[in-house]
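Take a moment to look through the sequence and the fold before reading on. The report below moves from the sheets to the helices and the nonpolar cores.

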Amino acid sequence: MALPRPLRSTALLRFLPLLSSICILIGVAWLLLLPLDEYSRNTYISENALLPGGVHTYFHGSEQNVFRAYRHEVAALGQQNASTNEVAQVIGDIFKGQGLKVGTQKFKYEAGGRVYEGENVYAVLEAPRGDATEAVVLAAPWLNTDEVLNESGVALVMALARYFKRWSLWSKDVIFLITSDARAGPQAWVDAYHDTHTPPMVESLPVTSGALQGVIVLDYPTAAPWDRIHIVYDGTNGQLPNLDLFNTAVHIAGNQMGVRTSLQELHGHTDSYEDRLRTMLRGMVNQGLGHATGPHSVFIPYHIDAITLQVSGFGNHDEVTMGRIVESLFRSLNNLLEHFHQSFFFYLLLGSKKFVSIGTYLPSAMLIAVNFTIMAIGLWLKSGTKPKTVDAAVAITEKPSDEKNEKKDTEEKEKKDTTSDSSPLPPSAPTESPRPLLLPLLFLLLTHTLSTIPLLLFNTLPHTLLCPAFTIFSLLSLCLPLLLSFTLHLFSPTPQVYTLLRCFSLLSLGLFLSALATLNFSLSFLIGLGAVPVTFIKPTKCKLVAVLQHLVLAVANPMVALVGVAVYMGEPLGTVLGEAQVGWEINGLWTAVVVWGVWWPAWVVAGVGAWGGGRMVEN
């Protein structure tokens, strides 16, 4: 079906790049407005059954002496460099002495030529008032995310296990979990708990309980007094726990215990616009990267709400304060009548008591994504039109002898158009032209097929070869658009083919990012922002503009973005690539699929259009 004449006008085609630019600017401005009071909201607890801080806590006195005894034993095991089997045996004996059901689990993962193995130990406190259909978990890794012995965290879990056993108020089972590390151990345990593990590399669990309702992880490696609690909440692949769990922890720590809380490693938050924006952007980067920020992250993909409590600073709080916070938090979780569902699962935190909901922040990513769709529509219209003046010139050169007949036919046609349409097309208005779809579609499919090379390469190579392989691949990627443009030139493409190729590439990019924004807003926004130059790369006769376009493409590409991530995290590039590899093999991280399968092909197609399309324009 032919498009209406107003949609085929060249004036509209000239306006679409401007409209695309406006969408990008509004999308970025929208994000920068979110930290303002007019667009953010105060946090609140939606689930009334939680009743946070509504109980008196009793963890003190003699329990503190028990905790210190456990900490001394944990520190002795650490000084002896005890193996994970020895640690599991000692802690398991302590749990058995407390009258709890105990289970152990061995696991072994391989990623990038490195082996991650260990043994988890856990105990189950059966609820006196429950039927073993629901459970909550208190966990602590033996080594935290910084590979430091978590001596106070492990000791507090054992002390609270002994303390909770004396109470008959529990309506949910309580599971006390000690993992050998902060990444592979929790992943092996939660996979086995839900029977999604791969034996014999990961053993099954000998003891289980009901559906997990919540997980609290303790990262407490120091014996010194501390000042505040840092709450880590980011999950794998950008998933987040229910906001009620976070708000409950903040409310109990601040209002009941008088402990300050922080997040995103901003410990001196002043609630200013700058601090809110910095907190939000750091949260977006963590969500966009999708990596596991703590042991809690691996539980969230299973729809289990989890957070990690870390101590920071130097102050006047000790293990008693932390024990009371955990006690009150578990008393609130014990009150839950059903799974967390009342509050938000999609949000951006600006501080401990400020957040932005999905309905407010989603348009910014959608505006970035829609700019690609707008340009794709413009290119589609352009690919199916051609000026009448060109047709007339071709007709004159082909048949000069029939000039009078052509003139007569043209006059008759114009009269016919005048009678059939009150608004005739101007002489230079575009007319319909058939589109060659097969070659652009096959070429786009080829680029997406090529994207499997870096995806498999960086997830299977030994970690010692990641940096050299990345350097070689980056150099080859810079040459790939030129090579592909020469390959495409063998099929004698027309300018229309290059236009359709750019059209399909931008259309697929816009569709992917629009869908991704509803699942991982931050990743969609960051990828969309990085791919913005792809929108405006087009064939040109001007040598200077062509050189500038190639420079922009050389800078705005996924490889440079990965180097930027390494600089931001303050880690060597090899470490970042290795972490991504471990995330892929162990945690099911799919950020690499978006980077190499969505962004990289769009960047390659833009380069092909700049090289090959520019050569067609010159010809």
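## A small open sheet

Two strands are said to pair if DSSP finds at least two bridges between them. With that in mind, this predicted model has an open sheet of three strands, which stand in the order 1-11-10 and pair in the antiparallel sense. Strand 1 (41-42) and strand 10 (347-351) are at the edges and have a single partner strand each, so one side of each is left without a neighbour in the sheet.

The link between strand 1 and strand 11 (residues 354-357) consists of two bridges, and these strands run antiparallel. In one of the pairings, asparagine 42 has lysine 354 of strand 11 as its bridge partner.

## The protein as a whole

The protein has 619 residues, of which 52% count as buried, and it contains 21 helices and 13 strands. Among contacts with a separation of 6 or more, 84% are between residues that lie 24 or more positions apart. The protein exposes about 27,500 Å², and 62% of this area is supplied by carbon and sulfur atoms.

## A hairpin and an enclosed strand

Strand 2 (residues 101-111) and strand 3 (residues 114-125) pair in the antiparallel sense over 11 bridges, and within this pairing glutamine 105 has asparagine 120 in strand 3 as its bridge partner. The two strands form a hairpin with two residues between them, where glycine 112 takes a positive phi near 60°.

Is strand 7 (residues 226-232) largely enclosed or left open? Seven of its seven residues are buried, so strand 7 is largely enclosed by the rest of the structure. Strand 7 pairs with strand 9 (residues 306-317) in the antiparallel sense over six bridges, with isoleucine 229 standing opposite valine 311 of strand 9. With strand 8 (residues 260-262), strand 7 pairs in the parallel sense over three bridges, and there arginine 228 has arginine 260 of strand 8 as its bridge partner.

## Two nonpolar cores

In soluble globular proteins, nonpolar side chains tend to be buried together. In this model, the largest nonpolar core has 71 residues, and the members that touch the most others are Phe95, Phe176, Ile216 and Met322. Helix 4 (residues 151-164) gives this core its largest share, 10 residues. A second, separate core of 49 residues includes Leu461, Phe504, Trp599 and Val605.

What does methionine 322 contact, leaving aside its neighbours within four places in sequence? Its contacts are Leu156, Leu218, Tyr220, Trp226, Ile229, Leu309 and Val311. Two of these names, Ile229 and Val311, have already appeared as residues that stand opposite each other in the pairing of strand 7 and strand 9.

## Two helices in detail

Helix 7 (residues 273-289) has 17 residues, which at 1.5 Å a residue should span 24 Å, and its end C-alpha atoms are indeed 24 Å apart, so the two values agree. Several residues of helix 7 are buried, including Leu277, Met280, Gly283 and Met284, as well as the charged Asp275 and Arg276. After helix 7 comes glycine 290, whose phi is positive, near 75°.

Helix 6 (residues 243-256) holds threonine 248. This residue counts as buried because its relative accessibility is 2%, while the cut-off for buried is under 20%. A polar atom of the threonine 248 side chain lies 2.6 Å from the backbone oxygen of aspartate 244. Leaving aside neighbours within four places in sequence, threonine 248 is in contact with Ile45, Leu50, Pro52, Leu329 and Ser332.

Technical notes: Residues are numbered from 1 along each chain as its sequence is written. This is a predicted model: local features need pLDDT of at least 70, side-chain atom pairs count only at pLDDT 80 or more; totals for chains, interfaces and linings use all residues. Side-chain values use heavy atoms; hydrogens and water are left out. Helices (H or I, at least four residues) and strands (E, at least two) are DSSP runs, numbered from the N terminus. Buried means under 20% relative accessible area, exposed over 50%, partly exposed in between (1.4 Å probe, protein chains only). Contact means heavy atoms within 4.5 Å. Accessible areas come from the Shrake-Rupley method with a 1.4 Å probe; for residues, only the protein chains shown count as cover. A nonpolar core is a set of buried Ala, Val, Leu, Ile, Met, Phe, Trp, Tyr and Cys residues joined through side-chain atoms within 4.5 Å. The expected span of a helix is 1.5 Å times one less than its number of residues. A polar contact is a pair of N or O atoms within 3.5 Å; within protein, one must be able to donate a hydrogen and the other to accept it, and residues adjacent in sequence count only if both atoms are side-chain atoms.
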